[in-house]
Structures are given as C-alpha cells and as structure tokens.
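The questions below ask how the labels given to parts of a structure follow from computed values. Each answer sets a value against the criterion that applies and then concludes.

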Amino acid sequence: MNEPNDLIYCVHPVAEALKNPKRKIYSLKASKNAADRLAEEIAARGLTPEIVHPNVLDRALGADAVHQGLLMEAKALSQPRLDQIEKSGIVVMLDQVTDPHNVGAIPVSYTHLTLPTIYSV
C-alpha cells in the first residue's frame, strides 16, 4: 500500500523539511516573498521553487489554511510503531490538530519541559 505524500506548508515546517536529508521533496510552490525568505535553504537542496500567487496556495489548501506563501509536497517519513518508542519519560501524541499555530506552540512548550519524544499521529 502506498502512503500518501505529505503536504507541508508555512515557513518553519517547510524550512525544517528542507534541512532534513531524509525528506524526498517532489515539489515546492512559493510566493516570491516566501521563496526569497528561504532562498538559502532552497538553494542548499538544489531546488527551484515554482513561483505562484498566494491565491494558488489558498485554492490548493483551503481558505482557512495559513500557508505563509509556501506549499511543499514530499514523501511521508516512516513513523515508528508504539512498541518502538522509548519506554522512559513522557510521550506527547497529537491527533487531528489542524492549526499550524497550535502545532508550532506545542514543541516550544515541549522543549522548555525537556521532554524526550513527540509524535504526531
């Protein structure tokens, strides 16, 4: 069974995906401003983004998505099974979180608590 590709959007998630050598990136659509903002990271991966108007991204992701001018399609990363997760400490699991601002706030809090693992399901 083939896994669907990940759609990654917003500046920080796209920047982190660009830095991850395990990420196979199929496409990157960006507004001119967003492409300029991540020019160094994009160049480091040898990519040429498709420059699009932000309305193109609105149509692709829906009017409520906060994309910050970026949309990447990438192969989904393999995820560990629950029995492969470290048994000590606290594990935070997220399910059906859709607002990137909320998702972004969780790791910030998480790192301040020095928790060892975070998984999104």
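Q: Which residue in β4 is the bridge partner of S27?

A: The model is a predicted one, and in it S27 has E73 as its bridge partner in β4. That bridge belongs to the pairing of strand β2 (residues 25-30) with strand β4 (residues 70-74), which runs in the antiparallel sense over five bridges.

Q: What makes β2 and β3 count as paired strands?

A: The criterion asks for at least two bridges between two strands, and β2 and β3 have two bridges, in the parallel sense; therefore the two strands count as paired. Within β3, E50 is the bridge partner of K29.

Q: Why are β1 and β3 called edge strands?

A: The open sheet has four strands in the order β1-β4-β2-β3, and its pairing is mixed. β1 (6-9) and β3 (50-51) each pair on one side only, and they are the edge strands. Helix α4 (residues 54-61) packs on this sheet, where it touches β1, β2 and β4, and its direction makes about 50 degrees with that of β4.

Q: How do you know that D6 and R23 form a salt bridge?

A: The side chains of D6 and R23 meet at 2.8 Å, N to O, and the cut-off for a salt bridge is a side-chain nitrogen of Lys or Arg within 4 Å of a carboxyl oxygen of Asp or Glu, so the pair qualifies. This salt bridge links distant parts of the chain, since D6 lies in strand β1 and R23 in the loop between α1 (11-19) and β2, 17 residues apart.

Q: Why is R23 called buried, and D6 partly exposed?

A: Buried means under 20% relative accessible area, exposed means over 50%, and partly exposed lies in between. R23 has a relative accessible area of 12% and is therefore buried, whereas D6 has 24% and so counts as partly exposed.

Q: What makes E16 and K19 a salt bridge, and where do they lie in helix α1?

A: The closest N and O atoms of E16 and K19 are 3.4 Å apart, and the cut-off is 4 Å, so the contact is a salt bridge. The two residues are three residues apart in helix α1, which means that about one helical turn separates them. With 48% relative accessibility, E16 is partly exposed, because the exposed class begins over 50%.

Q: How do you know that D36 and K32 are in a salt bridge?

A: Their side chains meet at 3.0 Å, N to O, which the limit of 4 Å admits. D36 and K32 are four residues apart in helix α2 (residues 32-37), so that about one helical turn separates them. D36, at 44% relative accessibility, counts as partly exposed. In total, the structure holds four salt bridges.

Q: Why is L70 called buried?

A: L70, whose place is in strand β4, has a relative accessible area of 0%; buried means under 20%, and therefore L70 is buried. Leaving aside its neighbours within four places in sequence, L70 is in contact with residues including I8, V14, L28, L38 and L57. L70 and S31, although 39 residues apart in sequence, are 6.7 Å apart in space, C-alpha to C-alpha.

Q: What makes up the largest nonpolar core?

A: It has 16 residues, and those with the most contacts inside it are I8, V14, L18, L28, L38, L70 and M72. The elements that give two or more residues to this core are α1, β2, α2 and β4, and α1 contributes the largest share, five residues. Not counting residues up to four places away in sequence, M72 touches several residues, among them I8, V14, L18 and L28. In soluble globular proteins, nonpolar side chains tend to be buried together.

Q: How many helices and strands does the protein have, and what are its overall values?

A: The secondary structure comes to five helices and six strands, which follow the pattern β-α-β-α-α-β-α-β-β-α-β along the sequence. Of the 121 residues, 26% are buried. Among contacts with a separation of 6 or more, 65% involve residues 24 or more positions apart. The accessible surface is about 8400 Å², and 53% of this surface belongs to carbon and sulfur atoms.

Definitions and conventions. Residues numbered from 1 in each chain as written. Predicted model: local features only at pLDDT ≥ 70, side-chain atom pairs only at ≥ 80, totals over all residues. Heavy atoms only, no water. Contact = heavy atoms within 4.5 Å. Axes fitted to C-alpha atoms, helices over the stretch in contact; angles between N-to-C directions. Buried < 20%, exposed > 50% of the residue type's maximum accessible area, 1.4 Å probe, protein only. Areas by Shrake-Rupley, 256 points an atom, 1.4 Å probe, with all protein chains shown as cover. Core = buried A, V, L, I, M, F, W, Y, C linked by side-chain atoms within 4.5 Å.
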